[in-house]
Amino acid sequence: MNSSTIVSIPDGDGVMVPPQEDKKKPRISFPSISSFLGEEAPYDTKKVIHGIKVGISLVLVSLLYLIKPLYDQVGDNAMWAIMTVVVVYEFFAGATLCKGVNRGIGTTLGGGFGLATAFLAKEAGGMGHAIGVAVAVFVCGAVATYVRLLTSIKKTYDYGVMIFILTFNLVAVSGLRGETIVQLARERLMTIAMGFGVCIFTNLFIHPMWASDELHNSVASRFETLASSIDGCLEEYFKLSEEKENQTAGFNFSGCKSVLYSTAKDDLLEKFARWEPWHGKFGFSHPWDKYLDIGNALRDVAVTIFSMKGCLQSPRQPSSTLKQSIRGQCEELGSTLASSMRELGESIKTMRKCRAGFLIVTKLETKSEELNLLVSPSKLGELKNDEGLAIASLVFMLMDMVGQVEVLVKKVEELGNVANFDSK
């Protein structure tokens with residue numbers, strides 16, 4: 001027979017407390033919207049503003065349906081204005097301009113080619129009408145799809161080519177009479193233009209989000225991110241064993257990872273920045289391609305810093321005495337690298353030319369020569385194989401970073417000259 005024994009447990013005062021039945025009451029908890037917004041507010045402020053702007057745009061184009069005199073003019077074609085806002089409206093102003101212009105060009109060209117195809121096929125009459133339309137749809141669809149896959153076209157005009165294919169097929173395949181097609185195309189183009197105009201108005205004149213500003217600030221901030229990573233890596237490497245044992249977690253390389261994975265973001269922002277009108281210090285001919293070059297150079301530095309993870313986590317570490325003997329020169333070189341990175345980042349952020357590049361390069365070369373003299377091949381040969389290899393790996397990475405920062409100095413100088421940065 002199964003039996004159960006209930007044991008009373010005394011509380012803090014020695015009083016026996018009888019066991020209480022476990023009464024589970026169903027509870028339904030709802031997430032606090034206010035707390036959610038409070039946690040995400042700093043990050044989502046721009047997204048909230050973007051949502052408000054989209055809402056305003058939808059209200060404005062919906063007036064084509066809601067106000068009878070306007071509806072009498074455009075009729076059911078007002079739907080295309082709403083569709084244009086939903087499809088074209090993007091977060092950045094440049095992205096909206098890019099999609100809007102692509103949609104306009106694609107619709108116009110697709111409608112024109114489709115209209116010509118419909119007229120020519122109609123002249124053939126009978127079975128020739130169906131064959132002519134089928135051949136035209138196949139040829140235009142195949143050619144346009146091939147063109148769409150070309151790198152130069154896909155980067156900027158992919159959406160426009162897609163709209164061309166869609167519009168061409170809708171117009172060419174439809175069995176409407178020619179004059180009806182012309183009238184329908186004119187009305188739809190007019191409502192699409194209305195929707196695009198509303199998008200441009202709200203996106204450019206109501207708290208605009210500039211892709212150019214985002215690219216500029218993003219590239220400039222990475223210099224500080226990598227400078228902090230250099231300082232953190234060297235600080236972690238030269239910590240004493242006792243300090244590492246008391247430390248809960250090692251150095252975090254998340255900053256380097258964010259720089260390494262920034263290629264796609266930079267490419268998109270650069271594409272959208274080219275579409276944006278003159279605003280602030282950014283003109284139509286601003287050298288956005290230089291930012292991509294600087295971003296690539298920054299990723300090279302991030303790769304080297306991330307490679308130092310092997311030095312930090314290797315089970316074969318040099319002795320504390322050996323580490324301390326080179327600590328001064330390594331930290332001086334690391335500090336010079338970090339300060340140079342911060343100076344270059346500040347130069348881009350404020351759009352002011354930094355001090356002469358040769359001064360930064362000279363200082364870096366001086367500190368690297370001092371470290372080379374301290375850790376010469378002859379001195380490394382006197383050490384144990386493991387210790388010599390570990391020290392040589394660290395020194396090699398620092399020297400590699402010196403060369404990479406020198407490349408960055410040249411690229412930032414080129415950007416300053418082409419973009420006409422202010423002189424200090």
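Mentor: A patch joins residues with over 30% relative accessible area and no salt bridge (Lys or Arg side-chain nitrogen within 4 Å of an Asp or Glu carboxyl oxygen); like charges link within 9 Å, nonpolar side chains (Val, Leu, Ile, Met, Phe, Trp, Tyr) within 5 Å. This model is predicted, so local features need pLDDT of at least 70, side-chain atom pairs need 80 or more, and totals use all residues. Residues count from 1 along each chain, and side-chain values use heavy atoms, without hydrogens and water.

Trainee: How much accessible area does the nonpolar patch have together?

Mentor: Look for V48, I52, I56, L60, L63, Y65, L66, I67, L70, M79 and M83 on the surface. Using Shrake-Rupley with a 1.4 Å probe and only the protein chains shown as cover, together they have about 890 Å².

Trainee: Which element gives the largest share of that patch?

Mentor: Helices here are DSSP runs (H or I, at least four residues), numbered from the N terminus. Two elements give two or more residues, α1 (33-66) and α3 (78-88). The largest share, 7 residues, comes from α1.

Trainee: Is L60 buried, partly exposed or exposed?

Mentor: L60, a patch member, sits in helix α1. Buried means under 20% relative accessible area, exposed over 50%, partly exposed in between. At 35%, L60 is therefore partly exposed.

Trainee: What separates the C-alpha atoms of A81 and M194?

Mentor: A81 lies in helix α3 and is buried, because its relative accessibility is 0%. Leaving out residues up to four places away in sequence, A81 touches (heavy atoms within 4.5 Å) V61, L64, T191 and G195. A81 and M194 are 113 residues apart along the chain, yet their C-alpha separation is 6.2 Å.

Technical notes:
Buried < 20%, exposed > 50% of the residue type's maximum accessible area, 1.4 Å probe, protein only.
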